[in-house]
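Let's walk through this one piece by piece, from the domains outwards to the partner chain. Keep the viewer open as you read.

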Amino acid sequence: MRHLLSTRDLRRDEVVALLDIAEDMADVSGREIKKLPALRGKTVVNLFFEDSTRTRVSFEVAAKRLSADVINFSAKGSSVSKGESLKDTAQTLAAMGADAVVIRHGASGAPRVLADSGWIDAGIVNAGDGTHEHPTQALLDAFTIRKRLHGVASRGRGLDGVAVTIVGDILHSRVARSNVWLLTTLGAHVSLVAPATLLPVDTRHWPVTVGYDLDIAIDSAPDVVMMLRIQSERMNAAFFPNAREYSREWGLGDDRVDRLPAASMVMHPGPMNRGLEISAAAADSVQSTVLEQVANGVSIRMAVLYSLLAGSDS
Amino acid sequence: MSIHVKGAVLPDGSNRDLFIDNGVFVDAAPAGATVIDASGLLALPGLVDLHTHLREPGFEQSETVLTGSRAAAAGGYTAVFAMANTMPVQDTAGVVEQVQSLGERHGYVTVRPIGAVTAGLAGERLAEIGAMAQSRAQVRVFSDDGHCVHDALLMRRALEYVKTFGGVVAQHAQEPRLTVGAQLNEGALSGELGLVGWPAVAEESIIARDVLLAHHVGARLHVCHISTAGSVEVIRWAKARGVDVTAEVTPHHLLLTEELARGYDARFKVNPPLRRDEDVHALRAALADGTIDIVATDHAPHPLEAKDCAWDEAANGMVGLESALSVVHAAVVESGQLNWSDVARVMSSRPAEIGLLDGYAAPFAVGSPAHLTLYDTAATRTFAVEDLRGKSVNSPYLGRTLPGRVVATLHRGQPTVLEGELVPADVVAAGDRG
C-alpha cells in the first residue's frame, strides 16, 4: 500500500489483510513489552492542521510500538492566508526525510492533494480530511465489529450480512463516509438515519438505505448502531430546531437502547456528547464498544503504518 | 498600414480577399499593401469578450491590462470588457478611465471597462453609475461580478438607474445564503467528496427573480455565465414572455463537467462550478437555439499559490482567453450544433451589441473597422503552458488536445498576432489605429 487516502479505493482482500495484520498487532499490545522493531529508522510525521488529541495520540502510540521515530507537527491555524501553506509544510517535511505523513486537515481532499502533488514522496495516511473521509476510523470500527462477532476466529473474515445503522450528522461526517464504503466492501448492509437536513442531497448511488426514523431502525434489530457526534456549530445553523428535539428524535436514549437486542453493538467514534446523541446509560452499557474502539484504533494504525512502511524501500 | 488578406474563407463559406487601409476594410488592394497569405484559413470577425478579468489595478501579480490584452489577442480577440473587481474597485470615473487609457496605450485590443453596480461591490448602495457612464470611458455595462446583487430592492433600483444611462446590468446570479462556503456543484459528487455544495437553485432562483424585475421596470438584463439546465429553462421562458434579457455561457461550462473535481485538482475550481453532463448538453443546445446569446470567457487569472493548495483554500477561476475559440470549436462546432457564422455571432457581433460596442455590426464590410481573426480550423494541438500568453497559467486545458489555432489577429487593421506569434508590444503600441 502506497498511501491510505480513502476507504473507497480499498478492495475486500486488502481490507481483510489489514484487519488480520491488526489482529497480530493487537497481540503485541497484550504483551508485557509492547514493542516491535519493524519500523526502526523510519520517521513518521503527524501533521495536524486541526486539533485532534485522540487521533494524534493513537497514531503516535502506534508508530512508537513499531519503533518508528515520531514527529508531531502541529500546523493548526494554517491556511492559505495565514501561517504555513500545505505546500511549504510538505516540502519542509520532505527535506527532513519523512517516510510517512499522517495528515489531519480541515479541507476535504487535502491528503489526496499532498499525495498527487510531487512535493513529497512519503506515504500519506489520511487521518481525517474535512467532511470527506477518516479511513483509519472506519477500519477500527470494522475491526471492532468483527472482533465482537467472531472473537479469536476473526482472521480472514468479512462482515457479510451484518446490519449496521449509522445515525446522525451524515452530511458533515467523514466517519460515516469512510464506513459506508468500507463496511459495504466487507459485505455489511448499511443504513443511514438522520433528519433530511443532515443527509447529502443525493445518495442514490451510495450502497446504503436511507431513512429518517430512528425508532423504525431500532425495531429492525440491527447488529450495530453507530451514533455520530453532533458538532456544536450545527446547533445554530437551522439543521434542526434545538438540541432537545434532536435528542428526542435521533438520540440513542435509554428506552431505545432497551429495545435493542442484547447482542447488538452501540458504537461511537468519540468524543461523545452524553445526553445529546447518546445517553450515559447507552454509552456505558455492555453493548457499548466505545473503549474497545479506542484500543483497537492503535492496532489498526499499527497495521496501516506497517503496511505502508515495512520493507517499502528495501 | 495597408494589408491584403489573400484567400481567406469567410464564416459563410465564401472565399474572398480582404483589403485593409487606415484601419478599415476597403474594396481594393491599396498600393504597396502588405500581403497576408490566408489560404485555407477561416476569417472570423475580431472576437469580443464581454467578461474578462484584467486584474489591474490592484492584482498585477495575476494579470495586467497589457498581459491580459496580449492573452486576448493570442486568442483572436480584438475587444474585451474588463470586470470591475479590481482594487480599487472600478466604481468611480477615475478608475474606469485609468483602465480604459491603459488599454488604449497598449493597443492589442479595445478595453472597455465595466463599472461596479454597487460601491466597493459591497451590495449596499449604488456606485457612481452616472459618473462612470458620462466619463471618458463611457461605461455601458455594469456588474458586481464575483458578487451577486442579491438585495431585491437594490437590484430593482440598479436596473432602473442603469436604464437611465442606456446601459445594462450584468448579473452574477448566486443566492449568497444558499452558497455559504460552496465549493462544488451540489449533487452526488459533492456529497461523496465532502465538499460544500453549490446548488443549481441558487443560480436559477436569482435569474427567475431578476427576469421578473427587469420585466416589471422595463429594463435590460444580462445574465453572466449561466451554468445549469434549469437556468436555460428560466431564460427560455423569460424570452418567450418578452423580457429584455440576454445570457452568456463560458467555454468551460460548454466542455467540462464536475467529474474533473474528483481528484481535488484546484485548476477545476471555478464559480459557478462545473456542473453535470446533462447541464453541459443543455447549455450547448441553448447556445445553438439562441436561448443563450453569447460565449464569454470569464478569464480569471490567479497566481500559482492560489491553486497549489487544498480545494477549499483555492481561488475560483480559470484563464480562458487563449483557449476560448478552440474550446467552442471542440464543444459545439465539431458536434455540428454551431457553424462558423454562428460562432461569429456568439463570439463577436452579439457580445458587441449587448455591450453597446460600435464597429462589429457589419463585419468585413467596406468602411467597417478592420477587426479580424485568421483561424486554422484544421490544426490540432496539445494545449500547453506555451499557449498561454497572459501572466497566469491556471488553465483547465493544459495537456488536453484541442482543435484549431489562431494564426493572425488584426485590431483596427493593426496586426497583433502574425503567424501564431504576438506582435511585439512596442510595434503594436506605435501602430496606426485609424
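A quick note before the domains come up: their bounds are taken from an automatic or database domain assignment. Bear in mind, too, that you're looking at a predicted model.

Start with chain A. The assignment splits chain A into domain 1 (7-133 + 294-313) and domain 2 (135-289). Taken over C-alpha atoms, the centres of domain 1 of chain A and domain 2 of chain A sit 25 Å apart. Where they touch, domain 1 of chain A puts in 26 residues and domain 2 of chain A puts in 23 residues. On the domain 1 side of that contact, α1 (12-29), β4 (123-129) and α11 (290-309) of chain A supply at least two residues each. The top contributor there is α1(A), with 8 residues. By class, that side of domain 1 of chain A has 9 nonpolar, 9 polar and 8 charged residues.

Now for the inside. Nonpolar side chains tend to be buried together in soluble globular proteins. Here, the largest nonpolar core has 239 residues, and the ones with the most contacts inside it are V101(A) and L305(A). Which element gives the largest share of this core? That's α11(A), with 10 residues. Both domain 1 (7-133 + 294-313) and domain 2 (135-289) of chain A give residues to this core, so the core lies between them. To see the packing around one of those hubs, click on L305(A): leaving aside neighbours within four places in sequence, L305(A) is in contact with L39(A), V44(A), A62(A), A63(A), L66(A), A68(A) and A100(A).

Next, swing round to where the two chains meet. Chain A brings 24 residues to this contact and chain B brings 17 residues. On the chain A side, the elements giving two or more residues are α3 (86-95), α4 (110-117) and α6 (174-185) of chain A. The largest share of that side, 4 residues, comes from α4(A). Sorted by class, the side of chain A that touches chain B divides into 7 nonpolar, 10 polar and 7 charged residues.

That leaves chain B itself. Its secondary structure comes to 12 helices and 19 strands. The radius of gyration of chain B is 20 Å, close to the 22 Å that the globule rule gives for 434 residues, so chain B is as compact as a globular protein of that length. Along its principal axes, the C-alpha trace of chain B spans about 65 × 45 × 45 Å. Of the 434 residues in chain B, 59% count as buried. Look also at how far its contacts reach: among contacts in chain B between residues at least 6 apart in sequence, 75% join residues at least 24 apart.

Conventions. Residues are numbered from 1 along each chain as its sequence is written. Chains are lettered from A and ligands numbered from 1 in the order in which they are written. This is a predicted model: local features need pLDDT of at least 70, side-chain atom pairs count only at pLDDT 80 or more; totals for chains, interfaces and linings use all residues. Two residues are in contact if their C-beta atoms, placed from the backbone, lie within 7 Å. Ala, Val, Leu, Ile, Met, Phe, Trp, Tyr, Cys and Pro count as nonpolar, Asp, Glu, Lys and Arg as charged, and the others, Gly among them, as polar. The radius of gyration is taken over C-alpha atoms; the globule rule is 2.2 Å times the number of residues to the power 0.38. A residue is buried if 20 or more other C-beta atoms lie within 10 Å of its own, exposed if 12 or fewer, and partly exposed in between; C-beta atoms are placed from the backbone. A nonpolar core is a set of buried Ala, Val, Leu, Ile, Met, Phe, Trp, Tyr and Cys residues joined through C-beta atoms within 7 Å.
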